[in-house]
Each structure stands twice: as structure tokens, then as C-alpha cells.
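Load the model in the viewer and keep the selection prompt at hand. The stops below are meant to be taken in order.

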Amino acid sequence: MSFFIASSPHAHSKRNTPDLMKWVVICALPGLLAQTYFFGWGTIIQVIFAIIVALIMESAVMRLRKRSPLSSIRDNSALVTAWLLAVSIPPLSPWWIMVIGLFFAIVIAKHLYGGIGQNLFNPAMVAYVVLLISFPVQMTSWITPHQLSQDPISFADSLSLIFTHYNLDGMSLQQVRSGVDGVTMATPLDAFKTALHNGNTVSEALKQPQFDGVAGIGWEWVNIAYLLGGLLMLRQRIISWHIPVSFLAGLLVTSTLFMLISPGETASPVIHLLSGATMLGAFFIATDPVSASTTVKGRLIYGGFIGFMVFIIRSFGGFPDGVAFAVLLANMCVPMIDYYTKPRTYGH
């Protein structure tokens, strides 16, 4: 028997990267089920399709790099990237949207920088931003929650719309989204922002059908589901509390201050916290261990900055939800944040 001596540190951990990634997927299941319940079968179809495409791309890139594809596939990082991108895009987006997005996520944002552990930016958010800027129509074609839909979309219709652009009756996605009344509904954040820009008050904006609840039909429950999954990750010590708590605190404090300064001109903190991709971003996206800050103080600054930027982009930017842009901006600042928040050496 040979005795292998490795360099420090010698701390032992019972969890490795594949296990951590599996727990991320397990904790994201409540959010996936909530999205499927409110927005149809397209979400699950996109997740399954994304995982298949991501694994194929991961294997192909590893072979081009003359490395074993099995080791890369087994770490489950491609699985998590595919999952996060799939739940971030509209459930009935055409199949080629997912292929293009995963190409940028796996090939460009991940392996172009050297593979897992070397990427500067969150791969799923790089893909999302590229898709949103390049294909704004397809990336904003969210369907209405089933409570507001007069004709729920079946599994077969969802499958047909994703891969052929038409349902079994020959209707396009735009026709399906419009329904019998010919009105296409926007997401709560988009509808709220558009209403304010058109001169309506906050109370008038909240009278729209999307807001028959606390923060938008369907979206509030999806966020609560991701919150529960995030709390489970905290309990299992998959992530630390610093980034999600500072993220939510930054968003809460900023939205509260602006609401007090300009009442009737911005969304309430409840809407910001329970609509859009807030909880998904706070617990599953911003906490990416590779692209996030590595120091304790840095994580608090990093998360708070994301929360602040999410509010700024939602309120004054050109997009209704700003989680992806805020995360990428924070990724750019990580080297500077880590430099100025690195712990002092003992005795200095």
C-alpha cells in the first residue's frame, strides 16, 4: 500500500461537488412543481430537453479538449446549469432557444474559461442575457397562469408548440397566448412597469388581472416554493446565509426607501420579493460558488449589490426583471470585492 501525502488544507468534507449539485436540484424541485402547476407542462419538458442537450454538449466539448467526458458529466454542474436556464425561460419557448442558450452557457461561459471552477460569470445567466437581448419576443412570451386561462394547454400541445411552433390544432404560440379574447397578458412585473410608464398609479396598476393576490397570480407561489427550497439548502449547509440574506435585504431596503420617497411610483417591497425570479436568484443563482465572492464580508456586499441592482433595473431599466443582469454585474465586481474584503493575516 502506498501512502499519499497531500498539501494542506487537510479538512475533511463528507460532500463532494456531485453531491452538492444533486442537493441543489432536489431543493429546486418545489419551485419546478409550482411552475408546472401554474404555467403548464412546458416547464418540465424544457428541463428534460435542456438536461439532454447540456450533457451532449458537455461530452462533445470534453472530447474536443481531449479529456474524459465522464468525469465532467458526473460532477452534475451541467445538469444544474441546464435546470436553471430551463426554469428561467418561458415554458413554451421554441427548442432552438434552449440549444443556443446552452451553447453559450456550456461552451462559451464555462469551457472557454477552462471548465468548472474557472468561469468568471454564472453560465446560466450568461445564456439568459444573450437570449433575452437576441430574441426578446421569444424570451418574453410567458403564458398566463392556468387560473386566468380559458383553455389550459395539454402536455401534447406543449410538446408540439416547443418542437413544431404549433399546437395540435395548428395554432401558433401567439394565438394560444392571446386566447379567445385576443388579449395577450404580460408577467406581473412587466404589466406593472408598463402601467406606470403609461401614467397609471400604483393602485390602478394593481387592478390588472395578473395581480389578483399579493404579488401576482402564480408568481408569488413560485417564489415561496423556491424560498422553501432555499431554506432547505441552508439547513443542509449547501449554501451559506450571507448571499441570499443580503440579496433579499438589499432589495427590501431599497424598495422600501423608494416607496417612502416616491409613494405611488414604485412597486411595493412585497411585489419585488414575491414576483419574478427573486427567490430563484437569491438562493439558486447568486450563490454560485465559482462566480460569487469568496470572503464573508465580500458575500454580504456581493448579495446586497445584486439586490440593489435588481430594484434599479426593474424600476428604471428597459427590462421588467433584472436578476440576470444584476448577477452578471456583480460577477464583474467579484475580484475587486474579494481584494478589499480579504481577511487580515493573524498578527497584522
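The tour goes from the whole chain to the core and then to single residues.

**Ground rules**

This is a predicted model, in which local features need pLDDT of at least 70 and side-chain atom pairs count only at pLDDT 80 or more, while totals for chains, interfaces and linings use all residues. Residues are numbered from 1 along each chain as its sequence is written, and side-chain values use heavy atoms, with hydrogens and water left out.

**Whole chain**

Show the cartoon for everything. There are 17 helices and zero strands in the protein; helices (H or I, at least four residues) and strands (E, at least two) are DSSP runs, numbered from the N terminus. Along the principal axes, the C-alpha trace spans about 75 × 50 × 35 Å. The radius of gyration is 21 Å, which agrees with the value near 20 Å for a compact globule of 348 residues; the radius is taken over C-alpha atoms, and the globule rule is 2.2 Å times the number of residues to the power 0.38.

Switch to a surface. About 17,400 Å² is exposed, and carbon and sulfur atoms supply 66% of it; the areas come from the Shrake-Rupley method with a 1.4 Å probe, and for residues only the protein chains shown count as cover. Buried residues make up 50% of the 348, where buried means under 20% relative accessible area, exposed over 50%, and partly exposed in between (1.4 Å probe, protein chains only).

Now colour by charge. The protein has 19 positive and 15 negative side chains, with the centres of the two sets 20 Å apart. Lys and Arg count as positive and Asp and Glu as negative, while His and the chain ends are not counted; each charge is placed at NZ of Lys, CZ of Arg, CG of Asp or CD of Glu.

**The core**

Select Leu102, Phe284, Tyr302 and Ile306, which touch the most other members of the largest nonpolar core, a set of 95 residues. Such a core is a set of buried Ala, Val, Leu, Ile, Met, Phe, Trp, Tyr and Cys residues joined through side-chain atoms within 4.5 Å. In soluble globular proteins, nonpolar side chains tend to be buried together.

Centre on Ile306. Beyond four places in sequence, Ile306 is in contact (heavy atoms within 4.5 Å) with Phe247, Ala286, Ala326, Val327 and Ala330. Over the protein, 75% of contacts with a separation of 6 or more join residues 24 or more positions apart.

Go next to Ala292, in the loop between helix 15 (278–285) and helix 16 (296–316). Ala292 is buried, with a relative accessible area of 2%. Setting aside residues up to four places away, Ala292 touches Ile243, Ala286, Tyr302 and Val334. A C-alpha distance from Ala292 to Val327, 35 residues away along the chain, gives 8.9 Å.

**Helices 4 to 6**

Asn122 sits in the loop between helix 5 (95–110) and helix 6. Asn122 is buried at 4% relative accessibility. Apart from neighbours within four places, the contacts of Asn122 are Ile285, Asp288, Ser291, Val327, Leu328 and Asn331.

Then select Leu131 in helix 6 (residues 123–134), buried at 1% relative accessible area. Excluding residues up to four places away, Leu131 touches Leu85, Ile97, Ile100, Gly101, Pro136 and Met139. Leu131 and Gly101 are 30 residues apart in sequence, with C-alpha atoms 6.3 Å apart.

Move to Thr81 in helix 4 (residues 77–88), buried at 10%. Not counting neighbours within four places, Thr81 is in contact with Ala105, Ile106, Pro123 and Ala124.

**Helix 10**

Select 188–197. Seven of the ten residues in helix 10 are buried: Pro188, Leu189, Ala191, Phe192, Lys193, Ala195 and Leu196. These buried residues pack against helix 11 (202–205), helix 12, helix 14 (269–273) and helix 16. After helix 10 comes Gly199, with a positive phi near 95°.

**Two positive phi angles outside glycine**

His165 lies in the loop between helix 8 (155–164) and helix 9 (173–178), and has a phi near 75°. His165 is partly exposed, at 34% relative accessible area.

End at Arg237, in the loop between helix 12 (219–235) and helix 13 (242–261). The phi of Arg237 is about 60°, and Arg237 counts as exposed at 73% relative accessibility.
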